[in-house]
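I wanted a quick look at the hollow spaces in this protein and at a few odd backbone spots. Here is what I looked up, entry by entry.

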Amino acid sequence: MQSGDAVAVAVPRGVDLLPALLGVQLSGAAYVPLDPDHPADRLGHLVADSGARVLVTTDGTVCRGLAVDLRVHVQDVVAVDAATTVDQDSAAYVIYTSGSTGRPKGVVVDHRAFSTFLTSMRDQLRLPEPVLLPAVTTVSFDIAGLELFLPLVTGGRVVVARPEEVNDPHRLADLLTACHARALQATPATWRLLLDAGWMPGPGFTVLCGGERLPTDLAERLLGDGAALWDLYGPTETTVWSSLTRHQLGAPTRFAPVDGTSLHVLDDALRPVLAEEVGELYIGGAGLAVGYHRRAGLTSMRFVADPTSPHGGRLYRTGDLARSSPDGRIRILGRCDDQVKIRGFRIEPGEIEHALVGVPGVAEAVVTSVRSPEGSTSLDGHIRPVDVSRPPDADRLRSSLSRVLPGYMIPARFLVHDTFPRTPNGKLDRAALATSGRPAVGAHQPATTDALSDDDAGPTARLIASVLADVLGRDTVGVHEDFFAMGGDSLRAVQIVLRLNEQLATEVPINSLFEVRTVYGLARILDSGADATPMPSPAAGDEARLSAAQWRLWLRHRADPENTADGSAVVVRLPGPFDRAALDTALDGLFRRHPMLCTRYEADAAGLPVAAVGPPPGPPPLETADPESVLAAELARPFDLAHEPPVRLRLVRPTPCAAPFLLAVVHQIAADERSRALVTSQLRATYRGRAVVSPALSYNDYATWERDRSASAGAARHREFWRTTLSGPPPADLPLDRPRREVRDSRCAVVRFSVSPPAIRAVRDAAGGDQPTGALTTVVSGLSRWIDSTTVNLGVAVDGRDHPSLDDVVGMIEQTAVLRLDLGERPTFTQLARQVRARRDAATEHAVLPFEDMVASTEIEPTSSSGRHPLFDVFVALHGAPADPPGFVVPFPPHTHFDVHPPHPAHR
């Protein structure tokens with residue numbers, strides 16, 4: 001790497017993020033931060049535009065489609081002690097902001113500017129000692145630089161918040177309390193959510209607020225209990241924050257420059273305006289960025305010569321209107337162009353308009369901003385369709401934009417216009433846009449047929465509708481209106497959930513409104529008693545209890561002990577020079593945290609299973625062999641669940657000098673898909689010397705909770721759903737090339753194939769941008785060509801962890817659901833995708849009972865043939881995990897329980 005070379009960094013939130021950024025900077029390169037949650041097309045543009053040839057990430061599952069010469073996984077990096085000198089004039093990072101031409105533009109910030117910024121923040125903010133700062137901002141937003149690096153130059157500590165903590169104000173409040181934080185930086189939107197969730201900054205707490213205008217009412221709430229409130233302002237081009245003010249109750253907000261920075265209010269001729277007159281704000285000083293990456297013309301337009309500087313200084317033209325006071329402080333008044341800020345992110349409407357015009361069926365597009373009474377800003381997308389009788393629906397518009405724009409840039413509402421209103425001189429009449437259009441129709445429909453009308457809505461639905469109407473600024477909300485089509489977004493969803501929690505004295509899941517999307521769907525969840533079953537307190541003792549899924553797996557194993565279909569692979573690539581002691585410590589900690597991986601299942605005198613925790617598997621010896629062949633051989637070996645642990649380990653290196661692989665085969669009785677991911681991530685972390693906390697609950701606690709929930713009064717709603725859904729004639733058989741045996745022959749073969757990128761994009765578009773829906777629809781579409789029936793049943797796996805305390809529990813918590821799909825009207829692929837989405841949403845909501853309860857609730861007679869599944873012959877498990885390293889072909893077990901079964905992949 002040469003000094004200033006760009007290196008893309010795509011590391012999810014966690015402890016690996018900061019070392020990755022530091023490592024790139026200490027190498028002399030400049031990091032290009034990528035948010036892995038942003039659309040792949042947008043990330044691809046950032047990598048191509050920045051010229052980054054190297055991508056630093058965690059594993060092969062993150063940003064796997066990016067075109068780079070080299071991928072570096074952080075777990076493969078070995079720390080070395082080396083004196084490093086960094087050129088202060090070289091680039092420290094390249095961060096991308098919205099661009100008016102339709103593509104984001106990269107801002108290059110050098111080490112000198114970034115160091116000046118950190119020094120000024122250290123000296124002027126004087127955060128409470130010892131400095132502990134939670135990092136809650138996405139790394140692709142430049143203000144994250146303060147959260148991640150300021151504690152490091154003050155001898156402090158960074159606490160990187162997890163995604164679920166950032167997205168849930170209750171969890172974020174818990175994090176602030178748990179880590180004893182006395183300072184936090186966030187946008188006004190995040191501060192408002194925290195306060196609405198019941199959190200308050202205590203005396204001496206330092207509130208850092210920036211990214212957009214701080215409303216007066218929010219400032220008063222934040223100052224209510226003696227907190228210190230700093231209001232921060234600055235564009236990305238002047239290195240994060242260039243001015244600040246200590247907010248005082250009743251005093252006007254006037255900003256002073258940070259150290260090494262100057263603020264100028266100038267007229268069109270770059271002359272200073274008089275005090276209290278309005279001009280455009282220009283910023284100079286040591287914090288100025290180098291300019292825009294590969295945009296010399298744009299750089300010269302926005303970074304202009306400072307007419308007052310005798311040494312050829314520069315000023316950045318902000319585009320903000322400002323008024324200066326006699327003491328030199330300034331007041332920000334607004335924009336002199338169309339640029340807006342949403343949740344602190346700077347947005348050029350032209351970039352969104354460019355993306356909208358690229359949607360098939362859109363002839364012209366305009367994006368405007370709308371400000372709510374609470375001070376938050378949202379976007380409206382106005383379209384003029386090619387065919388006014390068939391405009392694109394809201395779901396299609398939203399899904400198309402989601403491929404190229406991050407979520408905060410997608411309009412909350414879409415309005416359709418036959419023609420755009422014009423002023424008498426022919427210019428676009430922006431003021432008339434909001435009243436001249438009609439809302440784009442949403443494609444989402446209620447997932448079940450037992451829908452109620454607005455007039456029949458119960459008290460819960462009426463309350464929800466009232467809250468939605470208030471938050472969305474509408475007079476009324478219908479019980480089946482799509483939340484997103486009405487202008488909903490993530491911020492408003494959290495506000496709605498917080499209000500419902502307060503008014504109903506309950507705990508509505510934060511993501512519930514995203515999943516059901518209607519008043520009707522949310523009311524069904526809240527009116528159900530099944531979801532109110534509390535999680536048990538951690539139980540003492542070692543007595544093991546089998547869950548319903550474990551009973552099923554144990555009986556299946558007893559009936560056919562040679563069947564290997566329930567084994568799944570885990571592959572952990574160990575980085576750096578092999579450390580036997582570190583591996584033994586990591587394995588010992590894993591088995592102590594998760595005794596389910598050491599549990600045997602013997603039959604007692606009555607033939608019933610007795611679970612007992614036994615010794616873990618011994619440390620595997622290091623051997624030299626082909627890892628793929630070794631793994632295939634292990635997957636072909638059956639388990640003896642009565643006398644050996646449900647996990648087998650091999651330690652294999654392909655050559656004597658290569659880094660070894662820890663290979664594991666785990667029986668599903670001990671670990672589902674989520675559990676195998678936990679095993680992989682925890683082994684990687686502890687092998688590198690990091691601490692992993694044991695889960696608060698055990699699998700036994702889950703089994704107890706499952707039993708209680710199945711026996712609760714609320715379970716009747718779920719049983720009734722499955723009885724209704726699966727009633728009627730059974731689906732037709734799949735065509736076979738030979739007669740079906742009375743006893744299933746479980747031997748199988750694996751067929752591998754690739755799908756072209758254009759085909760993937762077409763499926764994704766037809767499925768409204770939802771990848772699982774697209775994959776399931778493709779399977780059903782293929783099945784419809786083989787069967788002579790109007791109905792098909794499809795088995796799918798559903799993660800049963802619908803409570804946060806189960807997130808880190810290893811065990812078989814996954815549930816099985818059934819999608820019953822109607823092919824009678826020969827639906828198009830798009831129509832079928834909508835049906836699949838609706839059925840999947842409904843099945844996920846009701847897949848909270850053991851599978852046996854689901855079967856018992858139907859009118860289907862259990863088959864006497866052990867060659868048939870009672871509800872379906874095709875099972876789909878949707879889990880994407882590419883090989884790590886690339887080219888590692890993961891084998892699969894040579895047996896299956898179904899006619900067609902896309903198998904579980906290995907975890908790496």
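**Entry 1, the largest cavity.** I began with who lines it: by class, eight nonpolar, seven polar and four charged residues. A reminder to myself that this is a predicted model. The cavity holds about 200 Å³ of space. I listed 19 lining residues, and Thr-97, Phe-141, Asp-142, Thr-236 and Arg-346 are the ones nearest the centre. Strand S5 (91-97) and strand S21 (345-347) each put at least two residues into this lining. S5 gives the most, with three residues. I also noted the overall count, which is eleven cavities of 30 Å³ or more.

**Entry 2, the second largest pocket.** Here I got a volume of about 970 Å³. Its lining runs to 39 residues, with Glu-212, Arg-213, Leu-214, Ile-332 and Arg-371 nearest the centre. Which element supplies the largest share of that lining? I found S19 on top, with five residues. Other elements that each supply at least two include helix H8 (216-222), strand S11 (228-233), strand S18 (314-324) and strand S22 (362-371). By class I wrote down 16 nonpolar, 13 polar and ten charged residues for the pocket lining.

**Entry 3, backbone oddities.** Background for this one: most residues other than glycine have a negative phi, and most peptide bonds are trans. I went looking for exceptions.

- Glu-129 and Pro-130 are joined by a cis peptide bond, with omega at about -15 degrees. I placed Pro-130 in the loop between helix H3 (111-125) and strand S7 (132-135).
- Val-240 is not a glycine, yet its phi is positive, about 65 degrees. I found Val-240 in the loop between S11 and strand S12 (243-246).
- Arg-294 also has a positive phi, near 60 degrees, and is not a glycine either. The loop that holds Arg-294 runs between strand S16 (291-292) and helix H9 (296-302).

Are these two positive-phi residues buried or exposed? Val-240 has 0% relative accessibility, so I put it down as buried. Arg-294 comes out at 58%, so that one goes down as exposed.

**Entry 4, Pro-772.** I checked where this proline sits, and the place is helix H24 (residues 771-784). Its relative accessibility is 32%, and partly exposed means between 20% and 50%, so Pro-772 counts as partly exposed. I also looked at its distance to Arg-837: the two are 65 residues apart along the chain, and their C-alpha atoms are separated by 8.7 Å.

Key: Residues are numbered from 1 along each chain as its sequence is written. This is a predicted model: local features need pLDDT of at least 70, side-chain atom pairs count only at pLDDT 80 or more; totals for chains, interfaces and linings use all residues. Side-chain values use heavy atoms; hydrogens and water are left out. On a 1 Å grid over the protein atoms alone, a cavity is a set of points where a 1.4 Å probe fits but cannot get out, and a pocket is an open set with protein on both sides within 12 Å along at least five of seven lines; lining residues have an atom within 4 Å of a point. Grid points are joined across faces, edges and corners, and a volume is the space filled by probe spheres set on the points. Ala, Val, Leu, Ile, Met, Phe, Trp, Tyr, Cys and Pro count as nonpolar, Asp, Glu, Lys and Arg as charged, and the others, Gly among them, as polar. Buried means under 20% relative accessible area, exposed over 50%, partly exposed in between (1.4 Å probe, protein chains only).
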